[in-house]
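Colleague: Could you take me through the second largest pocket, and then work outward from there? I'd like one connected answer rather than a list.

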Amino acid sequence: MTRGTGRGAGSAAPRSVDVARLAGVSQKTVFRVFNDEPYVSADVRRRVLDAAGQLGYRLNNAARALASGRTRSIGVVTPGTALYGPASLLMGVERIVRDTGYALRVVNTMEGDPAGVAGAMDALLDQGVDGIVISEPIDEQADGKAPSLRLGVPVLVFGAPPPVTGPTALTAGHGADLMARTATEHLLDLGHMTVHHLAGPQRWYAARDRLEGWQAALTAQDREVHPVVRGDWSAASGYRAGRELAEDGGVTAVFAANDDMAIGLIRALTEAGRRVPEDVSVVGFDDIPVAAYVTPPLTTVRQPFDAVAQEGLKRLVHAIENPEAEPLPPSDPPVDLVVRASTAPPPPSRKTPARGRRTASRAAKSQQE
């Protein structure tokens, strides 16, 4: 039997050296053409592409990595959790990374492991990633002081995880304190004398930011800052907190650090005979899909997960592909308060008169003088 000379189904795939030979150029020139590098003449580029088309050649990722020094992959360090916020941010990152033409490498950290972030980044660097995204919302250090982590590739940090140094260190996803402040001010603007807070676990950076925003809003208007009630992000913990808050007849407004806890809180208040929003107004945070369909529909702050992921990844890819250029500047995330039926003015006996608010303001100013 005579072996055919054409490239049939069983023949070897064409290689870059085959393209170079047919086009009459070096193998390095083939790589330059397929990586869109400059200093290649239009005639040479046309000959290489014609030869590649004739042979059915495509530059694979491994060859591209050898030619460019990059693997076109981005690593992500993220907690292994199904909570809405971290999971939604990870989904946004996955969509954006794939749209940019990069491969994605994900390493989950384990809650309670102080060395988890460092170990995850080591694993990603061993895979040769071109950049790393850290979406690590938990402070695992007992003393609150995380070690500085040094990387040899650009890094994008969502929220406020441990400090990182490297060629380019970018941050995105800040602004939860401003969103929490907006939620609290919404309740104050309705006439509530003060706002109680159902906080998340304080090992989470997001919970700290939301508590700080709530406290800042009250302090700015000289309102009483009550001790917080703490939950663990779950609806069950919100329910327990609601039973506690329902016993205090002075509570007319509550800002919960996430929607799940807000929903549990409303259930407990309702069972205790405290109507929402007639007796107690409630604001959540996140705008989970079910928030619009609970009873009453929940007023909440919508987190811009996709917008944050898109802006952050755009800046990271720019840093990877333009190592000598200045980093792209960050932008402030939008604040989107979704007002539904769980908030209303307080009962008449609990309203803060406008005159009273002005008097308190004048008193504070007099003390400063």
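Modeller: β7 (169-172), α7 (176-189) and α11 (305-321) each put at least two residues into the lining of the second largest pocket. Of these, α11 has the largest share, three residues. Keep in mind that this is a predicted model. The pocket comes out at a volume of about 210 Å³. Its lining counts 16 residues, and those closest to the centre are His-174, Glu-311, Ser-331, Asp-332 and Pro-333. Sorted by class, the lining has nine nonpolar, five polar and two charged residues.

Now follow α7 away from the pocket. How far apart are its end C-alpha atoms, and what should its 14 residues span? At 1.5 Å a residue the expected span is 20 Å, and the end C-alpha atoms are 20 Å apart, so the two agree. Buried along α7 are Ala-176, Met-179, Ala-180, Ala-183, Thr-184, His-186, Leu-187 and Leu-188. An α-helix has 3.6 residues a turn, so residues three or four places apart point the same way. That is a handy thing to have in mind when you look down the helix axis. The buried residues of α7 pack against one helix, α8 (205-220), and against the strands β10 (253-256), β11 (281-286), β12 (299-302) and β13 (336-338). Right after α7 comes Gly-191, with a positive phi near 110 degrees.

One of those buried residues leads on to the core. Leu-187 is among the residues touched by Val-254, and that list also includes Val-195, His-196, Leu-198, Leu-245, Leu-265, Val-280, Ser-281, Val-282 and Val-283, leaving aside residues up to four places away in sequence. In the largest nonpolar core, which has 25 residues, Val-254 is one of those that touch the most other members, along with Leu-198, Leu-265, Leu-269, Val-282 and Leu-298. Two or more residues of this core come from each of α9 (235-246), β10 and α10 (259-271). The biggest contributor is α10, with five residues. Apart from this core lies another, of 22 residues, including Val-93, Leu-104, Ala-172 and Val-308. In soluble globular proteins, nonpolar side chains tend to be buried together.

The loops around these elements have some backbone oddities. Most residues other than glycine have a negative phi, and most peptide bonds are trans. Against that background, the bond from Val-276 to Pro-277 is cis, with omega near 10 degrees, and Pro-277 sits in the loop between α10 and β11. A second cis bond joins Thr-295 and Pro-296, with omega about -10 degrees; Pro-296 belongs to the loop between β11 and β12.

That loop between β11 and β12 also holds Asp-287, which has a positive phi of about 65 degrees without being a glycine. Is Asp-287 buried or exposed? Its relative accessible area is 11%, and buried means under 20%, so Asp-287 counts as buried. Asp-222 has a positive phi too, near 55 degrees, and lies in the loop between α8 and β9 (229-230). Asp-222, however, is partly exposed, with a relative accessible area of 45%.

Note on methods:
Residues are numbered from 1 along each chain as its sequence is written. This is a predicted model: local features need pLDDT of at least 70, side-chain atom pairs count only at pLDDT 80 or more; totals for chains, interfaces and linings use all residues. Side-chain values use heavy atoms; hydrogens and water are left out. On a 1 Å grid over the protein atoms alone, a cavity is a set of points where a 1.4 Å probe fits but cannot get out, and a pocket is an open set with protein on both sides within 12 Å along at least five of seven lines; lining residues have an atom within 4 Å of a point. Grid points are joined across faces, edges and corners, and a volume is the space filled by probe spheres set on the points. Helices (H or I, at least four residues) and strands (E, at least two) are DSSP runs, numbered from the N terminus. Ala, Val, Leu, Ile, Met, Phe, Trp, Tyr, Cys and Pro count as nonpolar, Asp, Glu, Lys and Arg as charged, and the others, Gly among them, as polar. The expected span of a helix is 1.5 Å times one less than its number of residues. Buried means under 20% relative accessible area, exposed over 50%, partly exposed in between (1.4 Å probe, protein chains only). Contact means heavy atoms within 4.5 Å. A nonpolar core is a set of buried Ala, Val, Leu, Ile, Met, Phe, Trp, Tyr and Cys residues joined through side-chain atoms within 4.5 Å.
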